[in-house]
Amino acid sequence: MLGKLFKHEFKATGKVLLPLNLALIGVTIIGMIMLGLKVFSFNGMVSTLLAISLVLFYILAIIALFIVTYIYLMVRFYRSMYSSEGYLTHTLPVSTFSVLNTKILVSVFWAFLTMALSSVSVLALILTAVSSTGDISSADWSVFWTELEYVFGMSAGSLTAWMLLFMLVSCFSGLLMIYCSISIGQLFNKYKVGAAIVTYVIIYIVLQVVNMIVSLSRSLHAMNPFYYATIYDEAETFRDIFGGTFTSSLIQSMILIIIYYAVCAYISNKKLNLE
């Protein structure tokens with residue numbers, strides 16, 4: 001039954017989100033072809049305006065893709081869990097945890113896919129644009145990757161793995177924060193959507209205040225001459241300086257993910273309010 005849940009959820013969400021991601025791939029391929037053919041290399045006002053217009057369109061399309069993806073996942077979660085459709089969802093012969101886990105994992109998959117494809121798209125277009133100039137040789141690229149590994153203090157593969165991990169964690173944290181707000185909002189008998197929005201704003205403000213206090217504490221700590229001498233003066237790579245910050249941010253996100261999930265699971269299992 002769990003497999004059928006995943007299949008149904010992927011099929012339902014894929015009708016909207018799969019075409020959007022395929023469109024992004026198509027736009028990226030077309031952009032790489034145009035850059036490879038040096039369509040924008042001609043001098044003139046028309047060529048410049050066309051290039052600027054297409055870049056702006058591409059940026060807006062990426063932003064729109066993220067907005068549509070998150071709004072769609074948010075609306076689907078609310079409708080299938082806490083609206084009139086929730087009656088059907090919660091009568092399925094599976095546990096509430098199975099339903100919740102399915103929706104979270106499928107949502108994270110689409111969010112992560114969108115983020116990963118967007119990153120690859122931007123990187124592919126930049127590399128194609130740079131390569132099409134013909135001013136950079138293979139030796140230059142080798143030097144670039146070597147310098148990149150030196151600056152970050154890790155291989156390109158390790159750096160990519162860390163980036164993917166942070167992307168995955170951010171997808172879990174971002175979506176579960178929304179789902180947690182929706183779950184709390186449905187506890188109210190009236191204005192459930194409004195209550196969910198207010199809850200999200202409150203959580204966001206609290207997190208920003210906590211992050212500001214933590215950042216201020218780190219800044220004051222960094223003003224300590226001994227700390228500055230032992231950390232910044234002896235640091236050689238980006239990882240030496242900011243590695244601790246990224247690690248603590250990752251741990252903080254993991255803790256928040258657990259809290260968000262616990263709230264969603266408890267409310268959907270013990271405090272379900274479909275009235």
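Here are some notes on the fold, the core and a few residues of this structure.

1. Before anything else: this is a predicted model. The protein chain is helical, with 9 helices and 0 strands. Reading along the sequence, you get α-α-α-α-α-α-α-α-α.

2. On the overall packing, 31% of the 275 residues in the protein chain are buried. Take the contacts with a separation of 6 or more, and 80% of them come from residues 24 or more positions apart. As for the surface, the chain exposes about 16800 Å², and carbon and sulfur atoms supply 74% of that area.

3. Have a look at helix H1, which covers residues 2-36. At Gly14 this helix bends by about 60°, and Gly14 is also one of the buried residues of H1. The buried set has Leu5, Ala12, Leu17 and Leu24 among its members, but also Glu9, Thr13, Asn21 and Thr28. After H1 comes Lys38, with a positive phi near 60°.

4. Now the inside. The largest nonpolar core has 35 residues, and Phe77, Leu100, Leu175, Tyr179 and Tyr260 have the most contacts inside it. The elements that give two or more residues to this core are H1, H2 (45-82), H4, H6 (156-185), H7 (192-222) and H9 (238-270). Which helix gives the most? That is H6, with 10 residues. There is also a second, separate core of 5 residues, including Leu24, Ile62, Leu65 and Leu125. Leu24, by the way, is on the list of buried residues of H1.

5. Tyr179 deserves a closer look, as one of the residues with the most contacts inside the largest core. Leaving out residues up to four places away in sequence, Tyr179 touches Leu73, Met74, Phe77, Ile104, Ser107 and Cys264. Phe77 from that list is itself among the residues with the most contacts inside the core.

6. What about the cysteines? The count of disulfides is 0. Cys264 is in no disulfide, and the nearest cysteine sulfur, that of Cys180, is 5.1 Å away. A pair would need its sulfur atoms within 2.5 Å to count. Is Cys264 buried or exposed? Cys264 counts as buried because its relative accessibility is 0%, where the cut-off for buried is under 20%. Cys171 is buried too, also at 0% relative accessibility.

7. The structure holds 6 aromatic pairs. One of them joins Phe109 and Trp110: their ring centres are 5.2 Å apart and their planes are at 75°, so the pair is edge-to-face. An angle over 60 degrees is what earns that label. Trp110 is buried, with a relative accessible area of 5%, whereas Phe109 is partly exposed at 38%. Add Phe10 to Phe109 and Trp110 and you have one aromatic cluster.

8. Last, Leu105, which is found in helix H4 (residues 96-132). Its relative accessible area is 42%, so Leu105 is partly exposed, falling between the 20% and 50% cut-offs. Which residues does Leu105 contact, leaving aside its neighbours within four places in sequence? Those are Phe6 and Phe172. Phe6 is 99 residues from Leu105 along the chain, yet their C-alpha atoms are separated by 8.9 Å.

Terms used
Residues numbered from 1 in each chain as written. Predicted model: local features only at pLDDT ≥ 70, side-chain atom pairs only at ≥ 80, totals over all residues. Heavy atoms only, no water. Helix = DSSP H or I, 4+ residues; strand = E, 2+ residues; numbered from the N terminus. Buried < 20%, exposed > 50% of the residue type's maximum accessible area, 1.4 Å probe, protein only. Contact = heavy atoms within 4.5 Å. Areas by Shrake-Rupley, 256 points an atom, 1.4 Å probe, with all protein chains shown as cover. Phe/Tyr/Trp six-rings, centres within 6.5 Å; stacked < 30°, edge-to-face > 60°. Bend = angle between axes of the 7 residues up to and from the residue. Core = buried A, V, L, I, M, F, W, Y, C linked by side-chain atoms within 4.5 Å.
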